[in-house]
Amino acid sequence: MSFFSNAASTTVGGTGNTSATAEKDIEVVEPPSDSISSLSFSSQADYMAVGSWDNSVRIYEVGAGGQTQGKAFYQHQGPVLDVCWNKDGTKIFSGGADNAGRMFDVTTGQATQVAQHDAPIKVVGWVDAPGAGILATGSWDKTVKYWDLRTSNPVATVQLPERCYTFDIQYPLMVVGTAERHIQIFNLTNPNTAYKTIQSPLKWQTRVVSCFTTSPVNSGFAVGSIEGRVAIQYVEEKDVQSNFSFKCHRRDSAPNTKDQALVYAVNDISFHPVHGTFSTCGSDGTIHFWDKDARTRLKTFDAAPGPISATAFNRNGSIFAYAVSYDWSKGHSGMTPGMPNKIMLHSCKDEEVRKRAARK
């Protein structure tokens, strides 16, 4: 039986409607009321955490037939900018514009503050270090802080060259993207000092970085910019000949012009946990699946008339979630009435996400 069926979506205390596109993607019930900033699946079960500009984190259970059920909800005192899970799926972490990092304990249903910065926390990540896991938080105060949840103060603070816009962790690799196109690469066995600092190979502002998920995971990462380009970067000098960049999320200014003059931000990059292929989503409302080794596009779909703000694969890559909502790429003036806020679930067919034969 495929992941999706015609089962109705259910909510806590009631039954909701199932909305499907031509792709039969299913809409998550009771989505946030404002822009969706982040999606994250548990590595242990099909639970999804969602962060939003309505100051909330919502947790949904995704059933075997595609139905969703709201399971928990907690709030920040400002927009939530990022969410993640710990490895064993018992805790959810979130960072927000209230300068706070919060932890939600799935077993007790309690939310507590576990991190603090001097400016909004843009990104949170779980460091699955040997012995005890550590929470990493990156902020617009130009620091990354590491938190041992047993103590109230950070165990270490790393000064960054600029405001932290994005980071990603695949232990022992952490890649941080900041303002002014700085990219810092960390080996988390020595977490307090950058292993390498480079300028982004892309000419415009960094929007997202995402580490490779398949062996060796610490070999490289992808960078997406506001200018509709993605770069594939390898960490070690011996692999630099494999670096490349490409255009995506662009459209022609008029039919038959082939000029690709309309340029859109790359909002998120998600690597498949099994195949190591990846997705990009953009302000143009499209999603692409890519194979970096074969340097080819695997699939494209026009997912929405408006921006796609965030994406995530579940733990085995059978579900691909994407958020249709305003991405703030045009500032406050671009937030027009009637902007959608919805989360869609796409059933990943193997031919969409598996690697192709590499080019000779």
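**Close-up views of a predicted model**

**View 1. Residues 266-300 in the predicted model.** The span is 63% strand and 0% helix. Its end C-alpha atoms lie 14 Å apart. The unreviewed UniProt entry lists residues 266-300 under "repeat: WD".

**View 2. Residues 114-157.** Strand makes up 52% of this stretch, and helix 0%. The C-alpha atoms at its ends are 15 Å apart. Residues 114-157 also carry the "repeat: WD" annotation in the unreviewed UniProt entry. That record further lists residues 29-62 and 73-114 under this name.

**View 3. The fold as a whole.** The protein has 32 strands and one helix. Its radius of gyration is 19 Å, close to the 21 Å that the globule rule gives for 360 residues, so the protein is as compact as a globular protein of that length. The C-alpha trace spans about 55 × 50 × 45 Å along the principal axes.

**View 4. Interior and contacts.** Of the 360 residues in the protein, 54% are buried. Take the contacts with a separation of 6 or more: residues 24 or more positions apart account for 44% of them.

**View 5. Surface and charge.** About 15,500 Å² of the protein is exposed. Carbon and sulfur atoms supply 47% of that area. The protein carries 34 positive and 34 negative charges. The mean positions of the two sets are 5 Å apart.

Methods. Residues numbered from 1 in each chain as written. Predicted model: local features only at pLDDT ≥ 70, side-chain atom pairs only at ≥ 80, totals over all residues. Heavy atoms only, no water. Helix = DSSP H or I, 4+ residues; strand = E, 2+ residues; numbered from the N terminus. Rg over C-alpha atoms; globule rule 2.2 N^0.38 Å. Buried < 20%, exposed > 50% of the residue type's maximum accessible area, 1.4 Å probe, protein only. Contact = heavy atoms within 4.5 Å. Areas by Shrake-Rupley, 256 points an atom, 1.4 Å probe, with all protein chains shown as cover. Lys, Arg positive; Asp, Glu negative; His and termini not counted. Charge placed at Lys NZ, Arg CZ, Asp CG, Glu CD. UniProt positions renumbered as here; feature names shortened; annotations may be inferred.
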